[in-house]
Amino acid sequence: MYPRGPNTNNNDKQGGYHIGDVVDRRLRVVGVNRLRGADAGVMPDVTSGNANAPTIMTGEEAAEMIAAENGMKLATLVDEGR
Ligand SMILES: Cc1cc2nc3c(=O)[nH]c(=O)nc-3n(C[C@H](O)[C@H](O)[C@H](O)COP(=O)(O)OP(=O)(O)OC[C@H]3O[C@@H](n4cnc5c(N)ncnc54)[C@H](O)[C@@H]3O)c2cc1C
């Protein structure tokens with residue numbers, strides 16, 4: 001898959017398959033089973049500041065969503081040292 005989009009600048013390739021058009025609010029790629037997007041490509045707009053921190057947050061949110069859908073809470077696993 002090669003997502004393409006107009007919302008990019010020189011350093012931050014953001015919004016290539018942003019939430020709403022290509023992925024839903026739970027980051028699932030519309031029309032494709034068992035595939036999510038969890039990087040700067042899902043951002044609906046180019047951020048005014050640097051993109052690295054929100055990209056990491058997006059990945060962490062995706063991990064929590066997937067864990068929750070499988071009856072787990074990642075923070076609990078971390079607390080238990082697993
Ligand atoms: C020169 C430069 C400087 C920057 N400086 C800053 C900064 O100071 N602070 C800041 O907050 N942000 C900075 N950014 C922005 C930040 O790095 C990016 O916005 C962020 O890393 C985007 O994360 P991403 O996961 O979407 O993409 P990437 O970090 O590009 O990750 C994509 C990953 O997918 C892998 N990949 C690609 N194709 C495939 C494939 N077919 N199969 C498997 N893997 C694949 C790549 O190897 C890569 O590891 C900078 C960016 C650049 C280019």
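This passage describes the fold, the nonpolar core and the ligand surroundings of a predicted model.

The chain contains two helices and zero strands, and of its 82 residues 12% are buried. Among the contacts in the chain with a separation of 6 or more, 40% are accounted for by residues 24 or more positions apart. Helix α1 comprises 18 residues, from 52 to 69, and spans 26 Å between its first and last C-alpha, which is close to the 26 Å expected at 1.5 Å a residue. After α1 comes G71, a residue whose phi is positive, near 75°.

The largest nonpolar core is formed by five residues, namely V22, V23, A40, V42 and M43. In soluble globular proteins, nonpolar side chains tend to be buried together. Within this core, V22 belongs to the segment before α1, and V22 counts as buried because it has 20 C-beta neighbours inside 10 Å, where 20 or more are required. The C-alpha atoms of V22 and G41 lie 9.9 Å apart in space, while the two residues are separated by 19 residues in sequence. Another core member, V42, touches Y17, H18, I19, V23, L27, G37 and T58, when residues up to four places away in sequence are left out of the count.

The ligand is surrounded by 10 residues, of which the closest are D39, A40, N50, A51 and N52. By character, the residues of this shell divide into five polar, three nonpolar and two charged. A40 is thus named both among the closest residues to the ligand and in the largest nonpolar core.

Definitions and conventions
Residues are numbered from 1 along each chain as its sequence is written. This is a predicted model: local features need pLDDT of at least 70, side-chain atom pairs count only at pLDDT 80 or more; totals for chains, interfaces and linings use all residues. A residue is near a molecule or strand if its C-beta atom, placed from the backbone, lies within 6 Å of it. Ala, Val, Leu, Ile, Met, Phe, Trp, Tyr, Cys and Pro count as nonpolar, Asp, Glu, Lys and Arg as charged, and the others, Gly among them, as polar. Helices (H or I, at least four residues) and strands (E, at least two) are DSSP runs, numbered from the N terminus. Two residues are in contact if their C-beta atoms, placed from the backbone, lie within 7 Å. The expected span of a helix is 1.5 Å times one less than its number of residues. A nonpolar core is a set of buried Ala, Val, Leu, Ile, Met, Phe, Trp, Tyr and Cys residues joined through C-beta atoms within 7 Å.
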